[in-house]
Structure formats: structure tokens, C-alpha cells
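Let's take a friendly walk through this structure together. Keep the viewer open and follow along as we go.

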Amino acid sequence: IETSSGNVDDVAAIVSAPITPTSRGKCLSFWYHMLGSGVGALHVVIREKLGPEIYVWSQFGTQGNQWQQGKVPVSSNDIWYIVFVGTRGNNIRGDIAIDDIDLD
């Protein structure tokens, strides 16, 4: 998310391809960078095909000028999707980035 344009609480989302049900849990790992006073939040959401959205990880505000690793256990008995949701904060000074996403 680039916060230099848009409105407070604007949202950007990245949705995975469908993931088949799994009887054993998986580990979602990724790297994220959240810098600036205009950063809102970054969420990881599990969206089941026939169920609710489940927020499984969240980080809010600036996290400094370094990449951080996020890890979260995930699973579902239904077809499911991983959704990264970023929100803009209250000013134009901030960026959120994600990289190196792995599901193992």
C-alpha cells in the first residue's frame, strides 16, 4: 500500500488461488515492511469458500525501517483462500509491503 494518495482506511487486498482442504495444519510465513506515520494495518485473513472470514494475524502502525517475518498456523476443512489486507492510516506518510510468501 502506498499512502501518498487515497483516503483514511482505504483497503488493498491480495487473494491467493484456492487452496484445497487439509487434514493437517500448515505454516504460512511471509516478510512484511510497514514504515511511516500513515501506515494503518496489515491483516492475514483466512476466507473459507462456504464459511466466514477469520482474521489470524494482524499488525498495526509503523514497524520501523526493517523487514519483519510473520508466521501463522493455518488450516481449513473447506476450500480456502489466504487474503492479505492492508489499510491506509490517517496521512500520506507510509508504505506497507509483503514479500517471500510461503505455505508449508
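Before anything else, keep in mind that this is a predicted model. Our starting point is Pro-52, and a good opening question is whether Pro-52 counts as buried or exposed. Its relative accessibility is 54%, and because the cut-off for exposed is over 50%, Pro-52 counts as exposed. You will find Pro-52 in the loop that runs between strand 3 (39-48) and strand 4 (53-60). If neighbours within four places in sequence are set aside, Pro-52 is in contact with Ile-46 and Arg-47. For a sense of distance, try selecting Ile-19 as well: Pro-52 and Ile-19 lie 33 residues apart in sequence, and their C-alpha atoms are 16 Å apart in space.

The two strands on either side of that loop lead us to the sheet. Which strands form it, and in what order? Four strands make up an open sheet, ordered 1-6-3-4, with antiparallel pairing. Strand 1 and strand 4 are at the edges and have a single partner strand each, so one side of each has no neighbour in the sheet. On average, and ignoring direction, neighbouring strands of this sheet are turned by 20° against each other. As background, strands of a sheet pair through backbone hydrogen bonds, in either a parallel or an antiparallel way.

Now turn to strand 6, which covers residues 80-88. Eight of its nine residues are buried, so strand 6 is largely enclosed by the rest of the structure. With strand 1 (residues 11-15), strand 6 pairs in the antiparallel sense over five bridges. One residue pair to look for here is Ile-14 and its bridge partner in strand 6, Phe-84. With strand 3, strand 6 again pairs in the antiparallel sense, this time over nine bridges. Two positions let you trace the register: Val-39 stands opposite Arg-88 of strand 6, and His-43 stands opposite Val-85 of strand 6.

Our last stop is His-33, which sits in strand 2 (residues 26-35). How does its environment look? His-33 has a relative accessibility of 14%, and because buried means under 20%, His-33 counts as buried. The side chains of His-33 and Asn-65 are joined by a polar contact of 3.1 Å. Asn-65 also appears in the wider contact list of His-33, which leaves aside neighbours within four places in sequence: Gly-64, Asn-65, Gln-66, Trp-67, Asp-95, Ile-96 and Ala-97.

Technical notes:
Residues are numbered from 1 along each chain as its sequence is written. This is a predicted model: local features need pLDDT of at least 70, side-chain atom pairs count only at pLDDT 80 or more; totals for chains, interfaces and linings use all residues. Side-chain values use heavy atoms; hydrogens and water are left out. Buried means under 20% relative accessible area, exposed over 50%, partly exposed in between (1.4 Å probe, protein chains only). A polar contact is a pair of N or O atoms within 3.5 Å; within protein, one must be able to donate a hydrogen and the other to accept it, and residues adjacent in sequence count only if both atoms are side-chain atoms. Contact means heavy atoms within 4.5 Å. Two strands pair if DSSP finds at least two bridges between them. Axes are lines fitted to C-alpha atoms, for helices over the stretch in contact, and angles run from 0 to 180 degrees between N-to-C directions.
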